[in-house]
Amino acid sequence: MKNYIGPGTRLALTVADTSAAVDIASGDGYVVGSIFGVAVSDVAVGEEGIFETEGVFELAKVSAQAWTVGQKIYWSASLGQATTSSSGNTLIGVAVAVAANPSAKGRVRLNGSF
């Protein structure tokens, strides 16, 4: 098939060069429009990096939230954290493990098709 590009589980994305942009560390989440991915390596502002869009990842979360298995998880770009709050945030996947309140991290299965 000559029009096949690739599986799409890893995408090259450029970290926005805006006043609010910050460097992204390996393992950090990043959102571009409706695409969410986890950085494979460190990516400086204005640079292109590879981001994993599928799989299970342990991500920084809003500490004061408790998560249940199967609960929808969103990404708050302003906080740089996963959250159960949909308001103004991007749907990234579902929780695959219970996360207590308080806790700093939660396990999320990303769904690259959002």
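**Salt bridges, strand pairing and a buried lysine**

A search of the whole structure, a predicted model, finds 2 salt bridges. In one of them, Arg 10 pairs with Glu 52, and the closest N and O atoms are 2.7 Å apart. This pair links distant parts of the chain. Arg 10 belongs to strand E1 (residues 10-14) and Glu 52 to strand E4, 42 residues apart. Glu 52 is buried, because its relative accessible area of 14% falls under the 20% limit.

Another salt bridge joins the side chains of Arg 107 and Glu 58, at 3.7 Å from N to O. Distant parts of the chain are again linked: Arg 107 sits in strand E9 and Glu 58 in strand E5, 49 residues apart. Arg 107 counts as partly exposed, at 46% relative accessibility. Glu 58 is partly exposed too, with a relative accessible area of 47%.

Strand E3 (residues 35-39) pairs with strands E2 and E4. Its link to strand E2 (residues 29-32) consists of 4 bridges, and the two strands run antiparallel. Within this pairing, Tyr 30 has Gly 37 as its bridge partner in E3. E2 and E3 form a hairpin, with 2 residues between them. Gly 33, in the turn, has a positive phi of about 60 degrees. E3 is also joined to strand E4 (residues 48-52), by 2 bridges, again in antiparallel fashion. Here the bridge partner of Ala 39 is Phe 51, in E4. Of the 5 residues of E3, 4 are buried, so the strand is largely enclosed by the rest of the structure.

The largest nonpolar core holds 13 residues. Phe 36, Leu 59 and Ile 92 touch the most other members. Two or more residues of this core come from each of E3, E6, strand E8 (90-95) and strand E9 (105-110). Another core, of 7 residues, lies apart from it. Its members include Leu 13, Ile 24, Ala 39 and Phe 51. Ala 39 and Phe 51 are thus members of this core and also bridge partners between E3 and E4.

The contacts of Phe 36 reach several parts of the chain. Residues up to four places away in sequence aside, Phe 36 touches Gly 29, Tyr 30, Val 31, Glu 52, Thr 53, Leu 59, Trp 75, Ile 92 and Leu 110. Among these are Leu 59 and Ile 92, which are named with Phe 36 as touching the most other core members. Glu 52 is also in the list, and Glu 52 is the salt-bridge partner of Arg 10.

Lys 61 lies in the loop between strand E5 (55-60) and strand E6 (72-76). Lys 61 is buried, yet has no salt bridge. The nearest side chain of opposite charge is that of Glu 58, 11 Å away. Which polar groups does the side chain of Lys 61 reach? The backbone oxygen of Gln 65 is reached at 2.6 Å. The side chain of Ser 103 is joined to that of Lys 61 by a polar contact of 3.2 Å. Beyond four places in sequence, Lys 61 touches Trp 67, Gln 81, Ala 82, Ala 99, Ala 100, Ser 103, Ala 104, Lys 105 and Gly 106.

Gln 65 is placed in the loop between E5 and E6. Gln 65 is buried, with a relative accessible area of 15%. Its side chain makes a polar contact of 2.8 Å with the side chain of Thr 83. Not counting residues up to four places away in sequence, Gln 65 touches Ala 82, Thr 83, Thr 84, Ser 85, Ala 99, Ala 100 and Asn 101. Ala 82, Ala 99 and Ala 100 are touched by Gln 65 and by Lys 61.

Asn 101 also precedes a cis peptide bond. The bond runs from Asn 101 to Pro 102, with omega near 5 degrees. Pro 102 is placed in the loop between E8 and E9. The C-alpha atoms of Pro 102 and Ala 60 are separated by 12 Å, the two residues being 42 apart along the chain. Ala 60 is found in strand E5. Ala 60 is partly exposed, with a relative accessible area of 28%. Its contacts, residues up to four places away in sequence excluded, are Trp 75, Gly 80, Gln 81, Ala 82 and Ala 104.

Definitions and conventions. Residues numbered from 1 in each chain as written. Predicted model: local features only at pLDDT ≥ 70, side-chain atom pairs only at ≥ 80, totals over all residues. Heavy atoms only, no water. Buried < 20%, exposed > 50% of the residue type's maximum accessible area, 1.4 Å probe, protein only. Pairing = 2+ DSSP bridges. Lys, Arg positive; Asp, Glu negative; His and termini not counted. Salt bridge = Lys/Arg side-chain N within 4 Å of Asp/Glu carboxyl O. Polar contact = N/O pair within 3.5 Å; in protein donor to acceptor, adjacent residues only side chain to side chain. Contact = heavy atoms within 4.5 Å. Core = buried A, V, L, I, M, F, W, Y, C linked by side-chain atoms within 4.5 Å.
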